[in-house]
Amino acid sequence: GVPDATKTREMLVETRMIWNNEVFPETSGVPAYVAETIGVGEQTKDSLGNVLITIVDKRVEPAEKIVTDAQGNIFVSRDPLKKDVFLTLKLRVKEVESENNYNEYYLFDDVRVNINNSIPIHLENISIYPQVTKILEVR
């Protein structure tokens, strides 16, 4: 075959799980059972067994919820049922130099890793799509 000229890099990113609900758009958290299903150390591998995604850290908090009182004042409160889930992920990505002289990073050959993009993570019992909120490091 043709040799692959792209460089493989390790990338550390912070993500947040967003679960938009059209009926209740003021809360973006996920059900508690989703938060409980995800474990630190879990991995996603390619067909050759290479580790592409590792969950390095998980932080779970009661989800923020926007509420309005009888006078119309808006407050941020905590939802007792939904959870905000923040994951730190270690990704094995391919580095591609763009036409604009900056590097782009791709997971699974076609998923661009940048702020606000979702990362597809397929674990043993669940598939999740957290959004990248911060790129911490590229090595």
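These legends accompany several close-up views of a predicted model.

**View 1. The whole chain, from end to end.** Welcome to the overall picture of this predicted protein. The secondary structure comes to 1 helix and 10 strands. Reading from the N terminus, the elements follow the order β-β-α-β-β-β-β-β-β-β-β. Along the principal axes, the C-alpha atoms fill a box of roughly 65 × 35 × 25 Å.

**View 2. Surface and interior.** How much of the protein counts as buried? Of its 139 residues, 31% do. The exposed area is about 8900 Å², and carbon and sulfur atoms supply 48% of that area. Among contacts with a separation of 6 or more, 54% link residues that are 24 or more positions apart.

**View 3. Strand E1 and its partner E5.** Here, strand E1 (residues 7-16) meets strand E5 (residues 74-97). The two run antiparallel and are joined by 10 bridges. To find your place in this pairing, look for Met11, whose bridge partner in E5 is Leu91.

**View 4. Strand E1 and its partner E10.** E1 also pairs with strand E10 (residues 131-138). How many bridges join them, and do they run parallel or antiparallel? There are 6 bridges, and the strands run antiparallel. Glu14 makes a handy landmark on this side, standing opposite Lys134 in E10. As a reminder when following side chains here, those of a regular strand alternate between the two faces of the sheet.

**View 5. A charge over a ring.** Which ring lies under the charged end of Arg59? It is the ring of Phe86, with the charged end 4.3 Å from the ring centre. This distance falls inside the 6 Å cut-off for a charge over a ring. If you are also looking for pairs between aromatic rings, the count in this model comes to 0.

**View 6. Phe108, a positive phi in a loop.** Phe108 is found in the loop between strand E6 (103-107) and strand E7 (111-112). Its phi is near 60°, a positive value in a residue other than glycine. Why is Phe108 classed as partly exposed? Its relative accessible area is 31%, and partly exposed residues lie between the 20% and 50% limits.

**View 7. Asn116, a positive phi in the loop after E7.** Moving along the chain, Asn116 sits in the loop between E7 and strand E8 (121-122). Asn116 is not a glycine, yet its phi is positive, at about 80°. Is Asn116 buried or exposed? With a relative accessible area of 51%, Asn116 is exposed, because the class begins over 50%.

Terms used: Residues are numbered from 1 along each chain as its sequence is written. This is a predicted model: local features need pLDDT of at least 70, side-chain atom pairs count only at pLDDT 80 or more; totals for chains, interfaces and linings use all residues. Side-chain values use heavy atoms; hydrogens and water are left out. Rings of Phe, Tyr and Trp (its six-membered ring) pair if their centres lie within 6.5 Å; planes under 30 degrees apart count as stacked, over 60 as edge-to-face and the rest as tilted. A charge sits over a ring if NZ of Lys or CZ of Arg is within 6 Å of the ring centre and within 35 degrees of the ring normal. Two strands pair if DSSP finds at least two bridges between them. Helices (H or I, at least four residues) and strands (E, at least two) are DSSP runs, numbered from the N terminus. Buried means under 20% relative accessible area, exposed over 50%, partly exposed in between (1.4 Å probe, protein chains only). Contact means heavy atoms within 4.5 Å. Accessible areas come from the Shrake-Rupley method with a 1.4 Å probe; for residues, only the protein chains shown count as cover.
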